[in-house]
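Colleague: Could you take a close look at one loop in this model for me, and then work outwards from there? Keep it connected rather than a list, please.

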Amino acid sequence: MERPKAQQAHVPQLFVPLALIGAVLGVLVAEVVARYSGFPGPVPALVGDVVAVPTSASVPWAGLALAMVGLTTRLRVVSLTAAVLLDAAFAAERYLTGGPLTAGNGPTIVLVLLAGYAAVALQGGRRRGALRGIALGVLLVLSVKIGDTWLELTARTRPEVLDEYVQLADHALGNPSWLAGQVLEWLGPGVHAVLHWVYIELPVAAIVVAVYQLRHVGGGRPWPAHHLVRTFLLIGLVGPLIYMLFPVVGPIFAFGEHGDGWQVGTFWPGTVPWNPDPQPIPFDTITPRNCMPSLHTAWALALFLHTRGGPGWLRLLGTGWLACTLAATLGFGYHYGVDLVSGAVLCLTLEAALRDPDRGWGWFRIRLVAGGTAVLAAQLTAYRYLPELMAEHPLLAGPLLIGSLVVVAVAFHVTFTGTGASPTRSGNNDSTRTETTNETV
């Protein structure tokens, strides 16, 4: 049974405040855990973004860009000008005192001031729209800080990694990281530089897509029911939890030259090792255990999905960023092939939980989320307890692994974009929902 319209309208509106409350609590918890574990948490990093040297130059600016979608044109111009002037002042001070040449103070300060201004000076729909956009910008900044702390925690609390299991299971796919690494070496430094830029600037592409999706919400106008930022934040929340359960550092660290003496051997990308008796590998307390699943793959796939209904340049951006991200994750030795498969399943499962929120939680959504979760759990179980069997029977294990991803992808497509998507239930008769569907599907 379809949900009443009044109840449907509250579904997308609750996401931002609840996520913001969760992020603030997450910062506090991360700070306590970090202090207990002997390293500074997100709070000093946040303070540093305001008055000291920012840990990132792009994240504060991305947060401000996201915050400005809910503002009027005049307030956008004032905010952008103030952020540029403040950043220039801080950069000049660091230059004169011999500090690092970086940026990020200006947008962080303006983001804080905007929140206070919107809460006090604006009224009605303009205040709600402005605060919602500002909250998204703040969420982006807080989530990055929490993520950095979490990665540090994985390195300090997981002294052993499971790379030998994953590498053995990866034989079922033909060890694509080794092949991609050799191809990238052959292509030369130019291609390497392009892929590296694409890999590290994934948040920039996400902001471009998110700003496009939210381009009509300024001045208190209605927001779309679903957009890319929701999926990005949920992937960043759920994915790192698996790191603690399945710690993996990646081929270039466990089997390559970046292991700093902790690696099994210098195999990647020249020689594919074969060890039928995998064991947990003791590893350092510095390298994050952030391989399984590949969140870069999950985020890039989300980017791809959210560009499908856009103009040609946006679809090209989504396709190109996904292809380059997959090439970079493998070619740089950061991930195994099975990491990418599980990352894609994670993305489709979480996107299924969020997409078309007005349709509620019917059986169509429950079966997708439950099925995707079951597939992901089965994959992780196979990597850990059946890697030798997967390696010895690649002609069976490989198609089964890829097939599990295909099943989830086809179910997702049929439910939300194919013949299984109900025109009535997806809201095609409502102008607001039609605009939302066109921008997110």
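Modeller: First a cut-off we'll need: a residue counts as partly exposed when its relative accessible area lies between the buried limit of 20% and the exposed limit of 50%. Keep in mind that this is a predicted model. The loop I'd pick runs between α12 (251–254) and β2 (281–282), and P280 sits in it. With a relative accessible area of 28%, P280 falls between those limits, so it is partly exposed. Setting aside neighbours within four places in sequence, P280 is in contact with E160, V161, L162 and Y165. If you want a sense of scale, try P280 and G362: they are 82 residues apart in sequence, and their C-alpha atoms are 42 Å apart in space.

Go back along the loop and the backbone gets interesting. Most residues other than glycine have a negative phi, and most peptide bonds are trans. D260, in this loop between α12 and β2, has a positive phi of about 50° although it is not a glycine. Its relative accessible area is 65%, over the 50% limit, so D260 is exposed. P269 is in this loop too, and the peptide bond leading into it from W268 is cis, with omega near -5°.

Those features have counterparts elsewhere. N175, in the loop between α7 (163–169) and α8 (176–187), also goes against the usual sign, with phi near 50°. What about its surface, buried or exposed? N175 has a relative accessible area of 3%, which is under 20% and therefore buried. For the peptide bond, look past β2: M292 and P293 are joined by a cis bond with omega about 0°, and P293 lies in the loop between β2 and α13 (295–305).

M292 is a handy way into the interior. Not counting residues up to four places away in sequence, M292 touches V166, I242, Y243, F246, V248, V338, D339, S342, L380 and Y383. The largest nonpolar core has 69 residues, and M292 belongs to the set that touches the most other members, alongside F246, V248, L303, Y336, Y383 and M390. The helix giving the most to this core is α15 (residues 337–354), which supplies 11 residues. Apart from that core lies another, of 18 residues, including L139, L140, W223 and L233. As a rule, nonpolar side chains in soluble globular proteins tend to be buried together.

Now the helix packing, starting with α10 (residues 202–213) and α14 (residues 312–331). Their axes are 11 Å apart at an angle of about 155°, which is over 145 degrees, so the two helices are roughly antiparallel. The crossing is left-handed. From α10 the contact takes L202, A205, V208, V209 and Y212, and from α14 it takes W313, L314, L317 and W321. By class that contact has 9 nonpolar residues, with no polar and no charged ones.

At the other end of the numbering, α5 (residues 105–121) is worth following. α2 (residues 42–51) packs on α5 with axes 7 Å apart and an angle of about 105°; this falls within 65 to 115 degrees, so the pair is roughly perpendicular. G48, D49, V50 and V51 of α2 meet N105, T108 and I109 of α5. This is a mixed contact, with 3 nonpolar, 3 polar and 1 charged residue. T108 turns up again where α5 packs on α3 (residues 58–67). The axes of α3 and α5 come within 8 Å and cross at roughly 35°, and that crossing is left-handed. The α3 side consists of P60, W61, G63, L64 and A67, against P107, T108, V110, L111 and L114 of α5. Here the split is 8 nonpolar, 2 polar and no charged residues.

One last stop: T149, in helix α6 (residues 124–157). At a relative accessible area of 8%, T149 is buried. Apart from neighbours within four places in sequence, T149 is in contact with A30, A34, F39, G41 and P42. P42 falls within α2, which takes you back to the helix that packs on α5.

Technical notes
Residues are numbered from 1 along each chain as its sequence is written. This is a predicted model: local features need pLDDT of at least 70, side-chain atom pairs count only at pLDDT 80 or more; totals for chains, interfaces and linings use all residues. Side-chain values use heavy atoms; hydrogens and water are left out. Axes are lines fitted to C-alpha atoms, for helices over the stretch in contact, and angles run from 0 to 180 degrees between N-to-C directions. Helices (H or I, at least four residues) and strands (E, at least two) are DSSP runs, numbered from the N terminus. Angles under 35 degrees count as roughly parallel, over 145 as roughly antiparallel, 65 to 115 as roughly perpendicular and the rest as oblique. A crossing is left-handed if the near helix is turned anticlockwise from the far one by less than a right angle, and right-handed if clockwise. Contact means heavy atoms within 4.5 Å. Ala, Val, Leu, Ile, Met, Phe, Trp, Tyr, Cys and Pro count as nonpolar, Asp, Glu, Lys and Arg as charged, and the others, Gly among them, as polar. A nonpolar core is a set of buried Ala, Val, Leu, Ile, Met, Phe, Trp, Tyr and Cys residues joined through side-chain atoms within 4.5 Å. Buried means under 20% relative accessible area, exposed over 50%, partly exposed in between (1.4 Å probe, protein chains only).
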